[in-house]
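Notebook open, coffee poured. I want to go from the whole chain down to one helix and its surroundings.

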Amino acid sequence: MGFTVWRMSRPLQRGHSSWSSLSKEDVKDKEDDDNRTRSPRDHTSLFLRYLTSLFLLDNSNSSKVDNGFGSDTFTMGGSKNRQNIIMVFLRFSLVLIVLVAVFGSLWWAISISTTSRGVIFKGYRRLQEHLVSDLIDIGEISLGPSRLKELEFCSKESENYVPCFNISENLVSGYSDGGEFGRFCGVQLKQNCLVLPPLNYRIPLRWPTGRDVIWVANVKITAQEVLSSGSLTKRMMMLEEDQISFRSDSLMFDGVEDYSHQIAEMIGLRNESYLIQAGVRTVLDIGCGYGSFGAHLFSKQLITMCVANYEASGSQVQLTLERGLPAMIGSFASKQLPYPSLSFDMLHCARCGVDWDEKDGILLVEADRVLRPGGYFVWTSPITSSQGSHHSKENQRKWTFVRSLAANLCWEMSSQQDETVVWKKTSKRDCYASRKPGSGPSICSKGHDVETPYYLPLQPCIGATLSQRWIPIEMRTTWPSRAKLTSTELDIYGVHSDDFIEDGLNWNLAISNYWSLLSPLIFSDHPKRPGDEDPTPPFNMLRNVLDMNARYGGFNSALLEAGKTVWVMNVVPKTTSNHLPLILDRGFIGVLHDWCEPFPSYPITYDMVHAEGLLSLHSNHLHRCPMLDLFIEIDRLLRPEGWVLFRDKASLIGTARTLMTSLRWEARVVEIESNSDERLLVCQKPFFKRN
């Protein structure tokens with residue numbers, strides 16, 4: 001598909017005046033002045049106002065009789081009535097002439113403008129559709145000056161604020177035992193402002209350098225928090241003048257690599273490079289430290305999602321995202337995570353702060369829900385140690401409870417070394433029926449077994465045992481072949497193979513066009529920034545990508561096939577068909593989300609936000625939240641100099657382009673194909689610095 005760049009005209013600004021107070025001569029003079037500055041499309045509004053003025057003037061003349069509250073009685077025989085009839089006829093003729101002239105001019109202007117873009121509309125029906133689209137655009141623009149007013153910048157307190165997560169308010173509301181870390185998106189004051197980056201913020205270093213070195217000013221963490229960190233899964237952090245380095249201080253020993261190697265051996269593998277062959281591709285890292293475990297596994301083609309509680313400072317999620325690694329805020333405290341059941345090949349918890357024995361083990365039951373059959377649960381904790389000061393009666397009680405519950409969940413302990421234990425979830429459904437009566441959690445009923453819950457209360461029962469997606473990880477195709485689902489596999493999700501194949505082909509072509517369009521501006525194998533050294537392709541300035549309407553994950557797949565070193569957070573909107581299980585089963589990561597609510601991430605954490613068809617989806621639910629609120633949330637998530645790609649209907653893209661004025665984004669519209677009604681909106685967020 002070809003790309004032709006064109007810029008939208010400036011939004012139409014209309015003034016207000018009192019037409020009823022003008023004389024006919026004044027109306028004519030004002031009309032002549034305005035016609036010099038108005039575009040042809042404005043004549044429709046002008047004509048309506050002119051028509052109104054004519055009748056107002058007529059009424060004002062006739063209202064002189066009967067003190068302005070009445071008019072002369074209409075009599076067929078009087079000469080005055082004949083004059084009135086003639087005047088009405090002349091005015092009607094004038095209106096008809098003006099009407100023909102205005103719409104002729106409008107048609108001519110549209111035909112000229114569309115021909116210049118290489119688009120020829122054939123037939124009255126097509127022309128009518130375009131006229132309606134133009135009128136919709138005008139209507140959106142004229143909704144009020146507030147739509148076009150630039151938004152103010154938020155206060156400094158908003159730099160690290162994440163809506164729906166407010167620990168102090170939750171404590172006041174009576175939440176405790178972990179509930180204070182939960183997500184509560186009830187009625188709240190909207191922040192109609194733009195979040196500024198922290199003082200001295202700097203654009204992150206390119207991948208992979210940015211994985212190991214980040215700017216101190218970009219994250220909210222103190223020197224004491226850096227120096228006090230250092231659990232088994234965190235690489236040595238070195239605080240330098242303006243940087244935090246996650247590189248090991250020793251070339252002979254790397255704690256994370258050694259730890260990962262140990263886990264692989266406990267599973268029965270030579271090293272972590274063989275985890276792919278064992279069926280492991282996606283990992284959920286609970287309480288991930290600063291993401292070093294996932295950073296290491298990424299080099300082995302494994303993708304790790306970090307999930308941790310909201311923290312006002314020293315946040316695990318914020319630092320992990322700053323390093324260019326997948327992460328989101330999430331809590332096991334009281335609600336289910338917005339992931340499908342049977343979605344991850346491995347769950348990892350190394351001193352993650354979760355008390356698996358509390359609340360009758362319901363948190364471990366939730367972990368079982370998202371773990372695939374045959375998948376592994378890795379737990380590293382002093383509680384599991386049988387030596388030293390950690391071997392207390394309380395720890396022994398907790399360890400006994402967790403070990404017993406794991407057996408009742410049909411997990412088999414694979415191995416135990418030092419503080420690390422590895423369980424393997426059963427691959428056989430009949431294991432649950434073979435348990436002793438009354439032992440362990442029961443099987444969920446159909447009403448409680450929701451495949452993809454959206455922050456529903458935790459369930460004390462075992463879910464997804466009857467799911468068609470119950471496929472042991474060792475029986476799944478290994479990565480990267482896993483991303484190519486067969487027709488038999490697609491039947492599970494109700495997706496036709498032809499639709500899936502066509503979607504993939506379209507996205508492969510689209511990525512090629514996107515890359516060609518944006519390369520001169522973004523990517524490192526094209527003109528570089530002043531002072532930058534020439535990096536080795538395919539390293540680029542994009543790393544964290546958010547796809548707001550992922551469908552089958554085709555955008556993610558096409559990026560990987562093109563060899564782009566990015567990761568994609570695939571988001572399935574709550575208001576559309578739920579293909580999130582398909583996306584995770586392909587070996588990608590993603591989450592269910594309602595885009596009328598804030599996304600569970602810190603501000604300034606994504607390099608690119610992409611959406612295809614989201615505006616159309618949003619327009620079908622306009623009563624839920626305004627489009628401007630959606631863009632304000634995107635601005636909160638986007639890094640300075642970050643990019644936004646929206647692909648949708650031309651009319652909706654035009655409306656979105658108009659709203660960009662409020663956000664101060666640089667924007668342009670790209671015509672995708674000459675005969676297509678779709679447009680591509682390309683925006684860049686400027687780098688505004690706090691004074």
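My entries below run from overall counts to cores to a single helix.

**Overall.** I'm working with a predicted model here. I counted 19 helices and 18 strands in the protein. Of its 691 residues, 51% come out as buried. I then looked at exposed surface: about 32700 Å², with carbon and sulfur atoms supplying 54% of it. For contacts between residues at least 6 apart in sequence, I get 72% joining residues at least 24 apart.

**Cores.** Which residues have the most contacts inside the largest nonpolar core? They turn out to be W356 and F646, in a core of 121 residues. Helix 18 (residues 627-637) gives this core its largest share, seven residues. Another core lies apart from it, with 21 residues, among them Y514, L542, F555 and A558. I also pulled the contacts of W356, skipping neighbours within four places in sequence: the list includes F332, F377, W379 and F401, plus I286 and C349. General reminder to myself: in soluble globular proteins, nonpolar side chains tend to be buried together.

**Helix 15.** Is helix 15 mostly covered or mostly open? Mostly covered: this helix spans residues 554-561, and six of its eight residues are buried. I noted the buried ones as G554, F555, N556, S557, A558 and L559. Two of those names, F555 and A558, I had already met in the 21-residue core. What covers the buried residues includes helix 14 (497-518) and strands 12 (544-547), 13 (567-573) and 15 (606-612). Last check: G563, just after helix 15, takes a positive phi of about 80°.

How values were computed
Residues numbered from 1 in each chain as written. Predicted model: local features only at pLDDT ≥ 70, side-chain atom pairs only at ≥ 80, totals over all residues. Heavy atoms only, no water. Buried < 20%, exposed > 50% of the residue type's maximum accessible area, 1.4 Å probe, protein only. Helix = DSSP H or I, 4+ residues; strand = E, 2+ residues; numbered from the N terminus. Contact = heavy atoms within 4.5 Å. Core = buried A, V, L, I, M, F, W, Y, C linked by side-chain atoms within 4.5 Å. Areas by Shrake-Rupley, 256 points an atom, 1.4 Å probe, with all protein chains shown as cover.
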